[in-house]
Amino acid sequence: TYVVTENCIRCVYTDCVEVCPVDCFYVGENMLVIHPDECIDCGVCEPECPAEAISPDTEPGMEKWVEFNRKYAELWPNIVTKRDPYPDAEKYDGEPGKLEKYFS
Ligand code: SF4
Ligand code: F3S
């Protein structure tokens, strides 16, 4: 599976949802996640994210993000259409510690 990671928070560019062939993105207040059981590992979303927030779970340290994506994909609504990014998305792109500071 591919997973959405911390740098999506307060960027939420949503370019990823437009390309997913199985529509497995889910949207919260300030972040998206991928449902790990629905993702078919095609990889097309990864290069689409301007924030480089999407990674395959084969990269080191991704276990916690798989569980995170699974948890919130079960709680949040599906998103299949691109929408406006978070306000001032560029300002938050790359900021460290976003999960602790901003996730809601
Ligand atoms: Fe969708 Fe493919 Fe990205 Fe999985 S890897 S979330 S199936 S676009
Ligand atoms: Fe987030 Fe990148 Fe998609 S910032 S909404 S994972 S395009």
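Which residues are the closest to ligand 1, and how many surround it? Here are some notes to read alongside the model, which is a predicted one.

1. **Around ligand 1.** A shell of 14 residues surrounds ligand 1. The closest of them are Tyr 2, Cys 20, Cys 39, Cys 42 and Cys 45. Try finding these five names in the structure before you read on. Sorted by class, the shell of ligand 1 holds 12 nonpolar residues, one polar residue and one charged residue. If the cysteines puzzle you here, note that Cys counts as nonpolar in this sorting.

2. **Around ligand 2.** Now turn to the other site. Ligand 2 has 13 residues around it, and those that come nearest are Cys 8, Tyr 13, Cys 16, Cys 49 and Ala 51. The classes in this shell are 11 nonpolar, one polar and one charged.

3. **The order of the elements.** The protein chain contains four helices and four strands. Walking along the sequence, you meet them in the pattern β-α-β-β-β-α-α-α. The radius of gyration is 12 Å, close to the 13 Å that the globule rule gives for 104 residues, so the protein chain is as compact as a globular protein of that length.

4. **Extent, burial and contacts.** The C-alpha trace spans about 30 × 30 × 25 Å along its principal axes. Of the 104 residues in the protein chain, 34% are buried. Contacts tell you how the sequence folds back on itself: taking those between residues at least 6 apart in sequence, 81% join residues at least 24 apart.

5. **Arg 10, a residue to look at.** Most residues other than glycine have a negative phi. Arg 10 is not a glycine, yet its phi is positive, at about 60°. You will find Arg 10 in the loop between β1 (2-4) and α1 (15-19). Is Arg 10 buried or exposed? Arg 10 counts as buried because it has 23 C-beta neighbours inside 10 Å, and the cut-off for a buried residue is 20 or more.

6. **Asp 88, another positive phi.** Asp 88 also has a positive phi, near 60°, and is a residue other than glycine. Its place is the loop between α2 (63-73) and α3 (89-92). Why does Asp 88 count as exposed? The reason is its 10 C-beta neighbours inside 10 Å, since a residue with 12 or fewer is called exposed. So, of these two loop residues, Arg 10 is buried, whereas Asp 88 is exposed.

Note on methods:
Residues numbered from 1 in each chain as written. Chains lettered and ligands numbered in written order. Predicted model: local features only at pLDDT ≥ 70, side-chain atom pairs only at ≥ 80, totals over all residues. Near = placed C-beta within 6 Å. Helix = DSSP H or I, 4+ residues; strand = E, 2+ residues; numbered from the N terminus. Rg over C-alpha atoms; globule rule 2.2 N^0.38 Å. Contact = placed C-beta atoms within 7 Å.
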